[in-house]
Number of protein chains: 2
Amino acid sequence: MEQTIEAYENILEEFRKLIKSSNLKYTKQREFILEAIFYNKGHFTPEDIYNLILKKHPKSNIGIATVYRTLGFLENSNLVTSISFGTQGKKYEFGLGKHHDHLVCLSCGKIFEFHNETIERKQKEIAKEFNFKMTGHFMKITGICSECIEKMEGE
Amino acid sequence: MEQTIEAYENILEEFRKLIKSSNLKYTKQREFILEAIFYNKGHFTPEDIYNLILKKHPKSNIGIATVYRTLGFLENSNLVTSISFGTQGKKYEFGLGKHHDHLVCLSCGKIFEFHNETIERKQKEIAKEFNFKMTGHFMKITGICSECIEKMEGE
DNA sequence: ATCGATGCAAAAGTTTTGCATATAC
DNA sequence: GTATATGCAAAACTTTTGCATCGAT
């Protein structure tokens, strides 16, 4: 699924506003980071993103520290979301649009996405029960995907 | 909530069997790690566990590497479970007994637990839909707890 | 001109690994 | 006695920070 240029322009616009309203400065590095996450569907470590940018903008001379700093900001602003998959580190993905959760295959690492309204509703109820002001939620089902099950049976 | 000695004896028995059936060796270090997680209700980093053991068994001379190695084994065996809270690292908790999920306060870091059957059921349905052999699931609601909300309003 | 943002490199923190020794079986 | 587990220390990673300089406003 390719993202359209128009969609990106809208996001960029939102991003500019967000930066302005946070009294921050608009820099090309920040834009590159947003761009990298937007155009590459999937889940990326800060280092992945850093490398994507180096590849796409070889002379941009961006630093990994900037990637970390910007991801922090983007996450707080809900433009990207992060999760921890597997044993190590954090991965980021573009975070606008309908909320979704993940199925993670422990064998091949593949990630499947789903959305379920019943669960979403229940989560809100639970937060309310605890007098919790919910700002986010996150769900992950781990297991073995059908493809890997077949492979195992084939052995 | 204090755990009873009897309950621990049962776990220990299970642990021994598990080790035997995995063709591993039973060592006092492995027992100390299980003990530390069992008797201290909560969520611990590997380092927390390491320190708990040093404190309880000052002359045991355990190494942090052993803690990491054993936690990996315990997690694979479902005797403990791990989650990533906040920005950094992984925390472990004792993992037998009824499955539960977590509410995490982003302000004070406190963790609340809940269990909801509807969500559990839905998760199973979703795994089935994807032909996924589910081995675990994990849900986290983030937000601000009622105590912190009050504090903020008081300011 | 000002003040925040950046890159770099160092530091801090976390997890894994190699290896000689100790210990369970 | 043999093979695995351990502690230690080093290495490998990941993330954060300090600081001089750059660049957006």
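This is a short tour of a predicted model with two protein chains and two DNA strands.

**Before you start**

Residues count from 1 along each chain as its sequence is written, and chains are lettered from A and ligands numbered from 1 in the order in which they are written. In this predicted model, local features need pLDDT of at least 70 and side-chain atom pairs count only at pLDDT 80 or more, while totals for chains, interfaces and linings use all residues; side-chain values use heavy atoms, with hydrogens and water left out.

**Stop 1: DNA strand D**

Select DNA strand D. Show the residues near it, meaning those with a heavy atom within 4 Å of the strand. There are 22 of them. The closest are A:Tyr68, B:Thr27, B:Gln29, B:Ile62 and B:Thr66.

Which part of the strand faces the protein? Of the atoms of DNA strand D within 4 Å of the protein, 74% belong to sugar or phosphate and the rest to bases.

Now look for polar contacts (pairs of N or O atoms within 3.5 Å; within protein, one must be able to donate a hydrogen and the other to accept it, and residues adjacent in sequence count only if both atoms are side-chain atoms). Start at A:Tyr68: an N or O atom of its side chain is 2.4 Å from a phosphate oxygen of DNA strand D. Go to B:Arg30, where the side-chain distance to a phosphate oxygen is 3.3 Å. At B:Asn61, a polar backbone atom is 3.0 Å from a phosphate oxygen.

Colour by helix next. Helices (H or I, at least four residues) and strands (E, at least two) are DSSP runs, numbered from the N terminus. Each of these supplies at least two residues of the surface near DNA strand D: α3 (46-56) and α4 (64-76) of chain A, and α2 (28-39) and α4 (64-76) of chain B.

Colour by class as well. Ala, Val, Leu, Ile, Met, Phe, Trp, Tyr, Cys and Pro are nonpolar, Asp, Glu, Lys and Arg are charged, and the others, Gly among them, are polar. This surface has 7 nonpolar, 8 polar and 7 charged residues.

**Stop 2: DNA strand C**

Move to DNA strand C. It is surrounded by 21 residues, the closest being A:Lys25, A:Thr27, A:Ile62, A:Thr66 and B:Tyr68. Of its atoms within 4 Å of the protein, 75% belong to sugar or phosphate.

Pick A:Thr27: a polar side-chain atom lies 2.9 Å from a phosphate oxygen. For the side chain of A:Arg30, the distance to a phosphate oxygen is 3.2 Å. Then select A:Arg69, where a polar side-chain atom lies 3.0 Å from a base nitrogen. Two or more residues of this surface come from each of α2 (28-39) and α4 of chain A, and α3 and α4 of chain B.

**Stop 3: the two copies**

Superpose chain A on chain B, using least squares on the C-alpha atoms of residues with pLDDT of at least 70 in both. The rotation is 179° with 0.0 Å of shift along its axis, and the RMSD is 0.2 Å. The copies are thus related as by a two-fold rotation axis. Select A:Met139: its C-alpha, 2.1 Å from the axis, comes closest of the residues of chain A.

**Stop 4: B:Gln123**

Find B:Gln123 in helix α5 (residues 117-129) of chain B. Is B:Gln123 buried or exposed? At 0% relative accessibility, B:Gln123 is buried. Buried means under 20% relative accessible area, exposed over 50%, partly exposed in between (1.4 Å probe, protein chains only). Leaving out residues up to four places away in sequence, B:Gln123 touches (heavy atoms within 4.5 Å) A:Ile119, A:Met139, A:Ile141, B:Met134 and B:His137.
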